[in-house]
Each structure stands twice: as C-alpha cells, then as structure tokens.
Number of protein chains: 2
Amino acid sequence: MSYFPQLAEGFSELFASIANDRVLVLGHARPDGDCIGSQLALTRLLRAEGVDAVALNADPVPDALSFLIQETPVLNLRQNLDESSLLFVDCADEGRVGPKSSKAIANHNFLGNIDHHISNTKYAHFNLVDSKAAATCEMIAGLAFDFGWDVDPLTAQCLLTGIMTDTGRYSYAATSRRVFELSGRLVDCGARPVTTAQALYENEPLCRLELLQRFLATLQTKCDGQLGVGKVMYQDFLDTGATYEHTEGFVDYTRSIRGVKIGVYLEQRESTVKGSFRAEHADYRVDTLAREFGGGGHACAAAFSSGESLSEIEPKVLAAVERRLGEV
Amino acid sequence: MSYFPQLAEGFSELFASIANDRVLVLGHARPDGDCIGSQLALTRLLRAEGVDAVALNADPVPDALSFLIQETPVLNLRQNLDESSLLFVDCADEGRVGPKSSKAIANHNFLGNIDHHISNTKYAHFNLVDSKAAATCEMIAGLAFDFGWDVDPLTAQCLLTGIMTDTGRYSYAATSRRVFELSGRLVDCGARPVTTAQALYENEPLCRLELLQRFLATLQTKCDGQLGVGKVMYQDFLDTGATYEHTEGFVDYTRSIRGVKIGVYLEQRESTVKGSFRAEHADYRVDTLAREFGGGGHACAAAFSSGESLSEIEPKVLAAVERRLGEV
C-alpha cells in the first residue's frame, strides 16, 4: 500500500533532479519539532540515498530538540551556501525561513517544497503539499516508506518527534489512521516515543515553570466564556530568566478552559508582540484571523508577529476574535 | 496477524463459558480512563456477541469520561446482582473493586480477569494477563480484532480512550508498535482521538487553572535539584472553588523539572494530607517510600494519605526522599 500516492510522481521527479546537486534542506524560523524533525530526517534520508544534503536554519535548534541532531550536518548562515538547490520543509511560503535566510538564499533555485499547511503558496518548482497531513514529518515518513528507503533509528526518532509535536501528542483532529500506522512503523525502525516525550515534556527548566505560573495568573475568559486569553510580558522574561522558546505550549492553556472556542496567547517581546491562536474546530479559521495581523497557519492553530505595541494590538486582536466568534 | 496469540485459547474458553450467563464487567474503585474504557468496551463487545453483559462499578464514572457511556448498561450496587459471573478488567487483584463492591460480589463466580498490571495475582478462573500491554484497553482491542468481532464507533472510542490515558498520550515506555497499530484500527472503526483529548485535556474549569497557578508558585527543587516539590494548601481550595479532583496531574509538574529524579506533591485537605510521588525510573521505588507513610503504588508512581498535619509530615517526607536519593 502507498501512504501518499498523489505525491509519488512529484517526489520521484524531485529526487531525480537533485541526484547530482548540493541540497540545502530549509526549515522555518523559530523552528519547532515538526520543522527540525523534517529537516534532520529528510537530510539523513537523502544522504543515505547518496545526495549531498545538509540542513540549514538561521535559528538554532531548540535545546529540547538537540538530542535529534547527532552527526547530521546542520549549517548556519555563516557558511558558504554555494550554488545549492533548496528544499523547503514545513514552510507555508518562502519567507517563513526568516529574513536572514531569505537574504542568503535569494539567488538560489527554489526546487522543492514539502509541507502540510493549508496556506501553502506553492512557491517552488516541485510542490508536495498535503494539508490533510497532520505533520510534515508524517509526509516524509510516508514518502520514505512508499519509496522503500531505509529509515534508520535516529531518522525514525526525528520523524516521530515531528508527528508527536504537531499532533499535540496524538490529540488533534488530524490524527488519522495513517498517523498511527506510520508511528507504529517508525517504532519498528527504532523510534522510542518515551525518548521524545521525556526530552520535550519532562525536562522543564524551573524558569519555564515560573513563567508558566505568571502566565496562568493572567488567564481570563471573555465573550461569554468563548474566548480565553493569557499573556506574558517582557518583564516576566527578565524576572524569571526564561527565554522566548520557553513559552512553547502556553497557548494551549488558553484553549483548554472549559467552554472556550478560541484561545489567544500574547507575548510581549523586546520590540515585537507575538500572538498565537488555537480554535476548538476548523470552522473558526484562525489562519485567516492571524493573516489580519500579518501571520498565518492552520485553521485550528495559527500565529503572527507584530511591530505594534501590546497595548495597541491587544484590543484589535480581541475585537477580531469576538467578530469571528459572532460569525461562526 | 494476531495481536495477542498467547491469550487466544484462554479468551476463547472464557467466551464459550459465558454464552448463557449474566456477566458483570467489573472495574476498580476510583476508575480512570483505561478502567472505564475497558468496562464499557467489553460490555458492548459481549452484548454484540449475544452475551447478557452489564458494567458495574461502585464509584461513579468521572464527569470527563461520561461521554463514553451513552446507552451502555452500567449498574450500581443498589441493583440486584443475581447469580452473575464476574469479569474483572484492569484490576490487579479482586480487592481493587473497592470494599463496597467486594462485599456485594463475595458469593459470585470469579470467572475472568483481563489486566496488564505486573502485580496481577491471577485471582480468577481465566486469567488473561499481559504486563507488556500498555493498557487493558489495548488487550481488549487486540482480542476483539483477533476474534474478528465487530467494533462499533463508540466501542472504538472507549478503547482508544483507555489506550490514550494509560500511555500518557502515547508518551510512556510501553507505547509499542502494537499500541499504534491498534489505535489506527480503532480510528478506522470510528474512534476520534480529538474527541477524547478535548473531553479529557481541553475541558478545564478555570478554577483548576487558578489552583494550578498557585501550585506552580510553590514549586521548588532541593537536594542539588534532584528533588522537586510543590504543594496545595486547603485555603487554596477555598479561595479558588476548586475541589480535590482538580489536582489530578499536578504531581507530574514536580517530576517534569529538568534534573529532578523524584517529584513530590503534597496536598493539604480538610483533615488529612495527601502525598504523591513520581520517579524518573523504577530504581527509586517510590512505592516503598509511600509505604513508609501508609500508602503504596508502583515503582515510579505512588501515593499516601496521612492524618498528620502538613507541618509535621512535610519534613519527614522530604527527609525520606533525600535518603532514597542517596541510596540509589
């Protein structure tokens, strides 16, 4: 059986066209588990098939995910990128790699784009996009099995990590039979769910829990309990010693409140505000909500970054959510 | 292929022997997702095969799991239990059903015992025990598929719920290829992971998050960061309106701190103190630690209840943990 029959031809052509190239496997800025898992796994899979592939991300691999790197080559922007061909993973558009990478890759060949975001703009020559996939790692795992490639234990661990994180530990609506089947095969290849879970969910710096405590103190509901909102202020980072990456998952608390349809997380950074949305179901289309503020994402999970101050943007965001709640 | 070949003969004989009986499907006191999922699923599966089965638990189905009941018959102890045969699920020994049920079933036929606890005492006529299974629901799902039984959508949802809860959302070490394969088949039968996840993990009363915030404010590490401890005071319950059942899972935060080997949660109740332990691995044997304070449990997860005051018991508990850390 085939997991992604509709992608077979494109992937086959993409693979044939890079056999003799140097390939950069790019992910998005502020990379998460699915991004890093995809970058590392695809790099390893291509290298095992004889392709000179390396992963590239201008932002560092988050601490909690660094156990996935091992000997896999990961470049940063200080290195010479040569005349490499580019393979984007988990990037809805080419700008998602962040401004620093965008500049560095401007004259390169945008060869491939493997992604599961519904908002993907199909910006590359080969666009392998499946918005029904729960994770880009699900797509890469499925393609690897479809093509009979060898999946070594570390590659399997990378792919399982992306699946586990982007499904919210097998909890989101996109968690399909295929997600479970592929996860089972990855376990067979040597992936261990407990390894990823301990690294990601049982390895919390105390400063993160201090930040979480401050964040929970801000939690409120509005709009008859259908809107949940919580914030972290820049001063909280200074006071606790926590960093931006420590707020991963905070937005989920806003949606977890009984009765809440759309959860909003606002994070005051040094000179920007980051906002995240989570919706109870896809009808709320928080991707289009995020787009109003210059961001994007999925129907149930989306985010933006704004140069406005928190006091300027907060009422606009809450008003937009209130409108959306009224429309659905 | 067969999921539980070693249980096939026993299950076949068990099933043959109950064809004309009235069967009570019993679970343990203070039932969790795997217990309720197993009781309801096995009751439904047997009824679909023509057996007069009903579920029985002296304790009520927890609110968060009540969506799984629907039309499945669930008895309480006020009803006449007749001359029914008993099938225990998820019970390591017959006493796990709790004192009220134990009395009511004393003269009945202890026919079957389907369970995954390593400490199972094999107290019934047919003992189907597999301590490698991650959940009793995993065993029931595997047996149902092995025997070619029809698994309707609600039965599949019950089984998926037990698997999801007893694997910590596919995070614990026992999360095997079989766990994922069976979960995939349950999705095919109509189970929806998001339904269980939303009922269990995204349906938090705001008072619980207020209590969590107060609890997190007490988190500390001791013993060079190897001991994590956090508390909830009785006044916190009064102030937030939260109840004892809202502290479910708080102990996991104490163990989730980076570097912590043993996590301790202390809860000041009206006239008692509840204590819970979590260990990074089984060598810490927190079950024997809990026993020092009149409790018990598993090597990595144990609890006690004490009549001493918090100020009396807390230093004793922390000293005992410190000793244990020194010994291992």
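Let me begin with the strands of chain B, where strand S1 (residues 22-26) and strand S2 (residues 52-56) run parallel and are joined by five bridges. Strands here, like helices, are DSSP runs numbered from the N terminus, with at least two residues (E) for a strand and at least four (H or I) for a helix. Within this pairing, B:Leu24 stands opposite B:Val54 in S2(B).

Before going further, I should say that this is a predicted model, in which local features need pLDDT of at least 70 and side-chain atom pairs count only at pLDDT 80 or more, while totals for chains, interfaces and linings use all residues. Residues are numbered from 1 along each chain as its sequence is written, chains are lettered from A and ligands numbered from 1 in the order in which they are written, and side-chain values use heavy atoms, with hydrogens and water left out.

Those two strands belong to an open sheet of six strands in chain B, with the order S3-S2-S1-S4-S5-S6 and parallel pairing. At its edges stand strand S3 (74-75) and strand S6 (126-129) of chain B, each with a single partner strand, so one side of each is left without a neighbour in the sheet. Two strands are taken to pair if DSSP finds at least two bridges between them. As background, strands of a sheet pair through backbone hydrogen bonds, either parallel or antiparallel.

The antiparallel case appears further along chain B, where seven bridges join strand S9 (residues 262-268) to strand S10, and the two form a hairpin with four residues between them. Within that hairpin, B:Tyr265 has B:Ser276 in S10(B) as its bridge partner. S10(B) is also joined by six bridges to strand S12 (residues 301-306) of chain B, again running antiparallel, and here B:Phe277 has B:Ala302 in S12(B) as its bridge partner. How enclosed is strand S10 (residues 273-279) of chain B by the rest of the structure? Five of its seven residues are buried, so S10(B) is largely enclosed; buried means under 20% relative accessible area, exposed means over 50%, and partly exposed lies in between, using a 1.4 Å probe and protein chains only.

Let me turn to charged pairs. The structure holds 41 salt bridges over all chains, a salt bridge being a side-chain nitrogen of Lys or Arg within 4 Å of a carboxyl oxygen of Asp or Glu. In chain A, the side chains of A:Arg22 and A:Asp52 meet in one of these, at 3.9 Å from N to O. This pair links distant parts of the chain, with A:Arg22 in strand S1 (residues 22-26) and A:Asp52 in strand S2 (residues 52-56) of chain A, 30 residues apart. A:Arg22 is partly exposed at a relative accessible area of 23%, and A:Asp52 is also partly exposed, at 39%.

A second pair, A:Glu71 and A:Arg44, meets at 3.0 Å, N to O. A:Glu71 lies in the loop between S2 and strand S3 (74-75) of chain A and A:Arg44 in helix H2 (residues 33-48), so the salt bridge ties together parts that are 27 residues apart in sequence. A:Glu71 is exposed, with a relative accessible area of 56%, whereas A:Arg44 is buried, at 12%.

A third pair is A:Asp287 with A:Arg291, at 3.8 Å, N to O. These two are four residues apart in helix H11 (residues 286-291) of chain A and are therefore separated by about one helical turn. A:Asp287 is buried, with a relative accessible area of 0%, while A:Arg291 is partly exposed, at 47%. In chain B, salt bridges link B:Glu292, B:Arg323, B:Arg324 and B:Glu327 in a network.

Finally, the interface. Which numbers of residues do the two chains bring to the contact? Chain B and chain A each enter with 40 residues, where contact means heavy atoms within 4.5 Å. Between them the chains bury about 3,600 Å², 59% of it on carbon and sulfur atoms; buried area is the accessible area (1.4 Å probe) that two parts lose on being put together, summed over both. B:Arg177, B:Phe180 and B:Arg258 supply 19% of the area that chain B buries against chain A, more than any other three residues. Four salt bridges cross this interface, and B:Asp188 forms a salt bridge with A:Arg177, the closest N and O atoms being 2.3 Å apart.
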